[in-house]
Amino acid sequence: MPSPDIVIIGAGMGGATIAHALAPSGAEILILDKGGQLPDRPENRDARAIFQRGFFRPEESWYDSDGNPFNPGNYYCNGGNSKFYGAVLLRYRAEDFDGIAHADGDAPAWPFRYGELAPHYDEAERLFKVRGRAGEDPTEPPRSGDFAFPPVPDERAIAEVRERLTRIGLKPFSLPLGVDIDTWLSHGRTPWDAFPDARTGKMDAETCALLPALEHANVRLQNHCEVRRLIPAPDGRRIQAVEYLEGGELKRVTPRLVVLAAGAVRSAAILLASAPGGLANGSGLVGRHFMNHNLSAMIGVDPRFTNDSIYQKTFALNDFYLGDGKGGPPLGNVQLLGRVSGTILKSDLRKVPEFVLNAVARKTIDFLIMSEDLPDPASRVRLDGEKIVLEWRRSNMTAHEGLKVVMRQALKQAGFPIVLSHLFDRKTPSHQCGTIRIGTDPGQAPLDPFGRAFDHRNLFVADASTLVTSAAVNPSLTVAALSLRTAKHIRETELNR
């Protein structure tokens, strides 16, 4: 088989999107994915299988800084973690690109401003068929027009909560979502957040990007291929080969260009495993600046309220995104979680009968509290032999605790007298990013602003590892927009020469 022009490692949000953008170029593209296609099976809509039995969690352990193993909950399948995501496709705020001062430190500026990425955000929203309504979010960055599709509608109970919050002076806005709600519900009346999708209505990386890319004769996908390392050319200035394991056999492929898109942890691990000191690591920063949003679930309880919703996740609040409302520093984003049933609660409250938890859940409203995790070189991915070690140091917890305080007050004012919260741990794959970041200075970043490695001209990275900051919104749309921008640069500088 002839060598391809481009090898893309990974078929998640970054890899699938860049494959889609490069497919019309005619270049021979090979996608190597660690997983395979997620089958349509009963467990996809079974809350007990997903939350109580961990049916889809991979049999994999990473290690913390003390050497303790944990199951990270990342998913290996075509489409990657987007097959399980909440389908929230928010843009970063314009201010996120400028650098923001937080209570516990500063988020640095990006090597370009929001306006540079805005056209690619437009393109990404079209690609992922995002549903929303422009003009509702007080922090919304400039955009060229409204969404192509109207927002996913609030259910009766959720409309009531939106009205309660509006009445106390907050500005709930319709979440930009990648969900065809009618198609989703026709396959089972469940939430979509954390439920895997086998091409049944969720606009994920496989459905919107990978499958259309594979309609081009020049694009091939090889599943169940685990890339072990990249092999540099003798002069070290380019990548000569990609080495991967398929069916127990070690194989190599020698493309012109390599696009690494295995995710923030796996992409860093591949580079670190590829040479002593790691490849693309002249800066010494591959694996460093790991970020993982600070996330808490917040549940408001009102005995007079009946939550009979199915999916729930339709609006968010950014009233405290750029400040606490009293002249204080930024706090973060608040958005509805997918409907939390008693069956889901049972996964943590195993001694409580499920029927009791279901009765309680009908009196609750469930939010996700999200604050920015600041980049810190001491927060990193490293290898111990073949073990992946994740040394994550939480940051910016003053903002996170502050956001919980103001949101707790708001919920009580809105008529939810009991408010509970729970901080998520590292086992939740909560928006991992930042380990191979872009920048203008080769001494401060492994990649240039287009995602090309400073050390190896034919190596690009196109996943969440490239993010300079985590901001305080879901990163999927930004990953897609950056991948589209990188694809445009590859077409102009590599494929049209």
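Here are some exercises with worked solutions on a predicted model, covering cavities, a surface patch, a helix and salt bridges.

**Exercise 1. Work out what lines the largest cavity, and of what class the residues are.**

Step 1: start with the count. There are four cavities of 30 Å³ or more.

Step 2: pick the largest one, which has a volume of about 110 Å³.

Step 3: look at its walls. The largest cavity has 14 lining residues, and those nearest its centre are L90, R93, E140, F147 and P176.

Step 4: sort the lining by class. You get six nonpolar, one polar and seven charged residues.

**Exercise 2. Do the same for the second largest cavity, and find which helix gives the most to its lining.**

Step 1: the space in the second largest cavity comes to about 80 Å³.

Step 2: its lining is made up of 13 residues, with V461, T466, L482, S483 and T486 closest to the centre.

Step 3: now go by element. Helix α11, residues 476-495, is the top contributor, with five residues in this lining.

Step 4: by class, the lining of the second largest cavity splits into seven nonpolar, four polar and two charged residues.

**Exercise 3. Find the residues that make a nonpolar surface patch of about 280 Å², and say whether F355 is buried or exposed.**

Step 1: the patch is built from F355, V356 and V360.

Step 2: place F355 in the fold. This residue sits in helix α9, which covers residues 354-361.

Step 3: check the accessibility. F355 has a relative accessible area of 64%, and the cut-off for exposed is over 50%, so F355 counts as exposed.

**Exercise 4. Decide how well covered helix α7 is, then follow R266 to its salt-bridge partner.**

Step 1: helix α7 takes in residues 264-273, and nine of its 10 residues are buried, so call it mostly covered.

Step 2: list the buried ones. They are A264, V265, R266, S267, A268, A269, I270, L271 and L272.

Step 3: pick out R266. Its side chain meets that of E60 in a salt bridge, at 2.2 Å from N to O.

Step 4: see what the pair connects. R266 is in helix α7 and E60 is in the loop between α2 (47-52) and β3 (62-63), so two distant parts of the chain, 206 residues apart, are linked.

Step 5: test both partners against the buried cut-off of under 20%. R266 is buried at 19% relative accessible area, and E60 is buried at 12%.

**Exercise 5. Set the K83 and D204 salt bridge beside the one between E136 and R133, and say for each residue whether it is buried or partly exposed.**

Step 1: K83 and D204 meet through their side chains at 3.0 Å, N to O.

Step 2: K83 belongs to the loop between β4 (69-70) and β5 (100-102), while D204 belongs to the loop between α5 (181-186) and α6 (205-213), so the pair ties together parts 121 residues apart in sequence.

Step 3: K83 is buried, at 0% relative accessible area, and D204 counts as buried at 0% too.

Step 4: turn to E136 and R133, whose side chains form a salt bridge at 3.1 Å, N to O. E136 is partly exposed at 22%, and R133 is partly exposed at 40%.

Step 5: finish with a network. R156, E160, R164, D302, R304 and D308 are joined into one by salt bridges that share partners. Searching the whole structure turns up 34 salt bridges.

Conventions. Residues are numbered from 1 along each chain as its sequence is written. This is a predicted model: local features need pLDDT of at least 70, side-chain atom pairs count only at pLDDT 80 or more; totals for chains, interfaces and linings use all residues. Side-chain values use heavy atoms; hydrogens and water are left out. On a 1 Å grid over the protein atoms alone, a cavity is a set of points where a 1.4 Å probe fits but cannot get out, and a pocket is an open set with protein on both sides within 12 Å along at least five of seven lines; lining residues have an atom within 4 Å of a point. Grid points are joined across faces, edges and corners, and a volume is the space filled by probe spheres set on the points. Ala, Val, Leu, Ile, Met, Phe, Trp, Tyr, Cys and Pro count as nonpolar, Asp, Glu, Lys and Arg as charged, and the others, Gly among them, as polar. Helices (H or I, at least four residues) and strands (E, at least two) are DSSP runs, numbered from the N terminus. Patches are made of residues with over 30% relative accessible area and no salt bridge: like charges are joined within 9 Å, nonpolar side chains (Val, Leu, Ile, Met, Phe, Trp, Tyr) within 5 Å. Accessible areas come from the Shrake-Rupley method with a 1.4 Å probe; for residues, only the protein chains shown count as cover. A salt bridge is a side-chain nitrogen of Lys or Arg within 4 Å of a carboxyl oxygen of Asp or Glu. Buried means under 20% relative accessible area, exposed over 50%, partly exposed in between (1.4 Å probe, protein chains only).
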